[in-house]
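Q: I am new to this structure and would like a close look at one part of it. Could you walk me through it slowly?

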4 protein chains.
Amino acid sequence: MSLTEQREGIEAGRLDMFVDGAFAFILTLLLIGGDKIPDSTDKLLYMLGGVPAFAVCFFQIAFFWHGHVRWRKRCHSADSTGRWLSLLLVFFAMIFVYPLHMVYSGAFNSLSGGALPSDFQMTGGPADMRALFVCFGFAYACMAGTLTLLFLHAAKSAAKRGFNNLDARRELRIWSVPATIGLASALTALLLPLSAPGWAWSIPGFMYSLLFLIGPVVNRFNRRYAPA
Amino acid sequence: MSLTEQREGIEAGRLDMFVDGAFAFILTLLLIGGDKIPDSTDKLLYMLGGVPAFAVCFFQIAFFWHGHVRWRKRCHSADSTGRWLSLLLVFFAMIFVYPLHMVYSGAFNSLSGGALPSDFQMTGGPADMRALFVCFGFAYACMAGTLTLLFLHAAKSAAKRGFNNLDARRELRIWSVPATIGLASALTALLLPLSAPGWAWSIPGFMYSLLFLIGPVVNRFNRRYAPA
Amino acid sequence: MSLTEQREGIEAGRLDMFVDGAFAFILTLLLIGGDKIPDSTDKLLYMLGGVPAFAVCFFQIAFFWHGHVRWRKRCHSADSTGRWLSLLLVFFAMIFVYPLHMVYSGAFNSLSGGALPSDFQMTGGPADMRALFVCFGFAYACMAGTLTLLFLHAAKSAAKRGFNNLDARRELRIWSVPATIGLASALTALLLPLSAPGWAWSIPGFMYSLLFLIGPVVNRFNRRYAPA
Amino acid sequence: MSLTEQREGIEAGRLDMFVDGAFAFILTLLLIGGDKIPDSTDKLLYMLGGVPAFAVCFFQIAFFWHGHVRWRKRCHSADSTGRWLSLLLVFFAMIFVYPLHMVYSGAFNSLSGGALPSDFQMTGGPADMRALFVCFGFAYACMAGTLTLLFLHAAKSAAKRGFNNLDARRELRIWSVPATIGLASALTALLLPLSAPGWAWSIPGFMYSLLFLIGPVVNRFNRRYAPA
């Protein structure tokens with residue numbers, strides 16, 4: 001390894017350490033902040049009722065974290081664009097974690113007919129609903145958008161050095177899907193009149209169901225065009 | 001190293017960093033959440049009374065963490081099964097930490113005749129006892145079961161590549177012991193009638209005493225079949 | 001690699017891990033401590049109003065963290081001066097984080113005419129203002145000064161080994177700018193009479209605007225004298 | 001590198017990551033737990049009054065952390081003794097952090113004649129004093145003792161492999177000093193009659209002043225017998 005490469009390796013490694021540490025932190029924030037340590041069996045059972053929402057949040061954020069890991073595999077160099085976009089991803093994740101948890105614990109609470117508890121009460125009716133979906137959608141779009149920009153940057157710098165950037169461009173297309181869905185859901189919630197019927201408010205929520213398509217798509221792409 | 005191997009090394013390294021950071025976090029959660037900073041000598045002594053329970057929790061969770069370290073020694077590659085099972089282990093550890101602490105601080109409290117303090121009061125009698133043992137046993141089985149699956153995966157992928165997978169299969173058998181004990185204890189607690197006499201409720205607890213067999217077994221296996 | 005070099009690599013790597021982990025922590029402290037988890041949409045919107053101040057703090061501290069990363073690129077060896085200065089940087093960052101957040105959330109609150117919320121109320125008039133600017137300026141000067149000393153140390157040890165220390169000396173000059181500005185702002189705030197008119201209190205604040213010059217300067221230097 | 005060495009490298013590296021992350025955590029615990037985020041200038045100034053005590057704690061714990069880093073330089077292999085002693089060090093550090101902070105903030109409070117604030121009130125007179133010194137001395141002895149055992153283990157395993165273990169034996173002697181002082185101070189406090197005059201209670205405290213001898217001693221040893 002030349003000296004420059006080694007230096008880049010150190011800088012890239014430390015950025016990764018920072019990102020990994022921050023993501024590990026963000027996930028535990030959900031636990032620290034959301035619940036006091038239970039001091040009776042009832043409170044323990046109440047806390048365990050929040051596990052499904054916690055699980056979805058956990059794997060959602062782990063999914064974004066893994067996006068950053070995949071980005072690093074495509075882009076080994078340490079330049080300032082990659083650095084600031086990575087820090088931006090951590091920053092959005094820190095903000096994202098609260099609306100994410102609120103949306104999921106509210107959703108599990110209403111889907112289970114109140115059997116699963118939720119610290120979050122939605123008392124304000126449609127205005128509340130709109131605010132929540134706009135926050136969530138916008139935060140979602142920010143995170144997926146940052147990852148899209150990271151892969152765009154990886155694709156560009158690979159092209160500049162004359163490397164194959166098929167993988168980076170494929171990931172770029174994949175991450176642009178959740179970014180677009182998040183933005184579309186936020187806009188839908190913003191444009192829905194407050195007098196819309198109750199069922200209409202589930203539209204921005206159901207738009208996220210399209211995301212479950214990404215998992216198989218990623219795997220299929222990865223398997224078909226695996227780095228030889 | 002070929003390029004693919006190096007990429008796998010980066011991904012595996014970052015997963016490890018994430019897992020290590022999260023486990024270091026989980027252990028300190030016990031401290032942050034459980035006690036306010038003591039502001040008088042009495043409170044300091046009260047806090048120190050909780051040290052035995054904290055010690056058992058600490059080394060219990062460190063034992064699971066070390067299970068993941070041992071898994072990495074058997075399975076260097078970074079594939080999606082290993083990744084999601086590792087994240088699942090972190091997820092279960094985050095949930096596991098509270099019932100674990102409750103059970104141990106309760107146990108030390110009653111074993112010491114109340115000399116060691118416990119924030120957790122068990123007021124509900126047998127129903128409380130049952131809930132606690134079911135939570136604990138199930139959580140225990142989940143964590144050990146995830147490690148069993150990790151080693152199963154390591155054994156399978158070693159076999160597929162034509163490598164020796166004796167170690168991985170041995171570890172797989174070792175970890176299936178606590179998984180089975182946890183599940184058995186949870187089921188025993190679930191099936192015990194609430195009218196059972198007081199001593200009967202110690203059965204699911206004593207079932208865990210079989211675990212102390214694993215330590216020497218692991219060491220013996222490791223020494224006999226140490227990687228040459 | 002000789003054995004000594006390898007040992008130094010381990011020690012330097014662990015110092016970096018410590019610094020990175022601590023900085024990732026410090027950033028999340030802003031989140032943990034400052035806001036309870038919102039349990040209603042109103043509180044969520046209130047929390048989101050604090051995002052601009054959080055963003056400025058986040059990138060400000062990330063800037064100092066990156067200063068340490070850049071220092072490591074200039075100084076690979078692990079000696080006790082570098083170690084204690086690095087620990088000093090973490091120490092100042094831990095103290096710095098609170099006045100930093102107070103100043104920025106106060107500034108965004110007053111710039112937005114109260115639209116952006118601030119937990120921090122400045123009720124004491126000029127005396128309050130002075131205390132805040134002195135704390136902030138002094139903390140700022142401490143952090144930037146520690147980085148200046150780190151680069152001074154890197155330049156000296158490079159010179160001693162007969163290496164090129166142009167980069168280290170350049171960084172040294174760059175970091176001495178915020179150190180000087182912070183000190184000058186703190187002194188200005190300290191020397192302003194309490195009877196000074198209201199606009200005079202914005203002087204120590206505006207002195208920080210000179211900092212925005214550093215970014216382009218650093219990039220220009222880095223591009224012109226990039227390590228070949 | 002042979003396969004075994006590489007595997008040991010991975011395990012040792014992950015243990016180090018765990019230890020570094022946990023120590024970074026422990027230091028921030030002092031900040032999280034001890035003070036609410038200040039929301040007025042008065043509270044900020046009050047918090048800054050706690051900085052001297054925080055500084056001493058920070059560098060005290062960083063000193064123990066650095067002891068572990070130095071141990072790793074003497075002992076590259078990953079065996080179960082080294083692992084459990086490292087985990088024990090983290091465990092003691094987690095418990096140690098509270099009495100450490102109490103003692104120092106109390107000391108700065110009384111040395112400054114109350115000018116530096118302390119959350120900790122010592123109302124119980126000599127009995128309080130005794131409890132505090134016993135806790136502190138015992139915790140101190142535990143941490144330094146664990147490091148002594150780590151270096152003892154390093155010296156033994158170096159001897160077994162036929163390597164030079166001069167460094168490890170030297171460090172072993174160095175760390176046994178604080179272990180002995182801590183134990184002696186705890187015993188002195190325990191044996192002092194409660195009716196002893198006020199000045200007598202400063203004896204266990206002043207015994208720690210002998211520790212300042214270690215710094216120069218370590219440096220001198222390191223310089224004289226530096227690894228060639």
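Which residues in helix 3 of chain C meet which residues in helix 4 of chain C?

A: Happy to help! This is a predicted model, where local features need pLDDT of at least 70, side-chain atom pairs count only at pLDDT 80 or more, and totals for chains, interfaces and linings use all residues. Residues are numbered from 1 along each chain as its sequence is written, chains are lettered from A and ligands numbered from 1 in the order in which they are written, and side-chain values use heavy atoms, leaving out hydrogens and water.

From helix 3 of chain C, C:P52, C:A53, C:V56, C:C57, C:Q60, C:I61, C:F64, C:H68 and C:W71 meet C:G82, C:S86, C:L89, C:F96, C:V97, C:L100, C:H101, C:Y104, C:S105 and C:F108 in helix 4 of chain C (contact means heavy atoms within 4.5 Å; helices are DSSP runs of H or I, at least four residues, numbered from the N terminus). By class, this contact has 13 nonpolar, six polar and no charged residues (Ala, Val, Leu, Ile, Met, Phe, Trp, Tyr, Cys and Pro count as nonpolar, Asp, Glu, Lys and Arg as charged, and the others, Gly among them, as polar).

Helix 3 covers residues 51-74 of chain C and helix 4 residues 80-111 of chain C; they pack at about 160 degrees with axes 9 Å apart (axes are lines fitted to C-alpha atoms, for helices over the stretch in contact, and angles run from 0 to 180 degrees between N-to-C directions). The two helices are therefore roughly antiparallel to each other (angles under 35 degrees count as roughly parallel, over 145 as roughly antiparallel, 65 to 115 as roughly perpendicular and the rest as oblique).
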